[in-house]
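Let's take a walk through this model together. Have the sequence and the structure open as you read, and follow along residue by residue.

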Amino acid sequence: MGKRDDLIAQYADDLRNKCGMQPDMDLLTKVTIGCGPAIYNADASTVAASQPDELETVKTNFLVKKLGLADSPALMDAINQVLETYGRSERNKYRAVVYYMLTKHFGKESVYG
């Protein structure tokens, strides 16, 4: 198994054990690949939930640009809901896991079809 496969397994474990959901492995793999080289960078691979700028970046670059959603307060509400599900106290909130949950939340799996 390669490094990416190891990371995907780790993300799936987080989804099962920290978020209480059974991951769709095909979608999780596509979301992880969509994150590009960021998954290999310790800083870029996680979402800094306590930094408003970081949450704004997730909203703009992922929800609006990648998923094609219209900018609205509902987007930030969804980000906060996902972070609550992941656990605010959880130190490492992996970007691929957050993006996966946001994709599921908005029913935008077709973007990765």
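## Salt bridges, a covered helix and a pocket

The structure holds 8 salt bridges, a salt bridge being a side-chain nitrogen of Lys or Arg within 4 Å of a carboxyl oxygen of Asp or Glu. Before going further, please keep in mind that this is a predicted model, where local features need pLDDT of at least 70, side-chain atom pairs count only at pLDDT 80 or more, and totals for chains, interfaces and linings use all residues. Residues are numbered from 1 along each chain as its sequence is written, and side-chain values use heavy atoms, with hydrogens and water left out.

Side chains of opposite charge can pair when their charged atoms come close. Three such pairs are listed here.

| Salt bridge | Closest N to O distance |
|---|---|
| Lys30 and Asp26 | 3.3 Å |
| Lys59 and Glu56 | 3.2 Å |
| Glu84 and Arg88 | 2.8 Å |

Salt bridges that share partners also join Asp14, Lys18 and Glu90 into one network.

Where do the partners Lys30 and Asp26 lie? Both are in helix H2, 4 residues apart, about one turn of the helix. Helices here are DSSP runs (H or I, at least four residues; strands are E, at least two), numbered from the N terminus, and H2 covers residues 25–34. Lys30 is partly exposed because its relative accessibility is 29%; the classes are buried under 20% relative accessible area, exposed over 50% and partly exposed in between, with a 1.4 Å probe and protein chains only. Asp26 is partly exposed too, at a relative accessible area of 48%.

Lys30 also reaches along the chain. Leaving aside neighbours within four places in sequence, Lys30 is in contact (heavy atoms within 4.5 Å) with Tyr112 and Gly113. Its C-alpha lies 9.7 Å from that of Glu109, although 79 residues separate Lys30 and Glu109 in sequence.

The pair Lys59 and Glu56 belongs to helix H3 (residues 52–66), where the two sit 3 residues apart, about one turn of the helix. Is Lys59 buried or exposed? Lys59 counts as buried, because its relative accessibility is 10%, whereas Glu56 is partly exposed at 36%. In the third pair of the table, Arg88 is partly exposed at 37% relative accessibility.

### Helix H5

Helix H5 (residues 95–105) is mostly covered, with 9 of its 11 residues buried. Those buried residues are Arg95, Ala96, Val97, Val98, Tyr99, Tyr100, Met101, Leu102 and Thr103. What do they pack against? The buried residues of H5 pack against helix H1 (3–17), H2, H3 and helix H4 (73–86).

Thr103 makes a good example from H5. Its relative accessible area is 0%, so Thr103 is buried. Not counting residues up to four places away in sequence, Thr103 touches Leu27, Val31, Phe62, Leu67, Lys108, Glu109 and Tyr112. Just after H5, Gly107 takes a positive phi of about 65°.

### The largest pocket and Ala49

Rolling a probe the size of a water molecule over the atoms shows where empty space is left. The search uses a 1 Å grid over the protein atoms alone, and a pocket is an open set of points where a 1.4 Å probe fits, with protein on both sides within 12 Å along at least five of seven lines; lining residues have an atom within 4 Å of a point. Grid points are joined across faces, edges and corners, and a volume is the space filled by probe spheres set on the points.

How much space lies in the largest pocket? It holds about 180 Å³. The lining consists of Ala42, Asp43, Thr46, Val47, Ala48, Glu54, Arg91, Asn92 and Lys93.

Ala49 is found in the loop between H2 and H3, and is buried because its relative accessibility is 13%. Beyond neighbours within four places in sequence, Ala49 is in contact with Leu55, Leu83, Arg88 and Lys93. Ala49 and Asn92 are 43 residues apart in sequence, with their C-alpha atoms 9.5 Å apart in space.

### The cysteines

With a disulfide taken as a pair of cysteine sulfur atoms within 2.5 Å, the count comes to 0 disulfides. Cys19 is in no disulfide, and the nearest cysteine sulfur, that of Cys35, is 14 Å away. Cys19 is buried at 10% relative accessibility, and Cys35 is buried with a relative accessible area of 14%.
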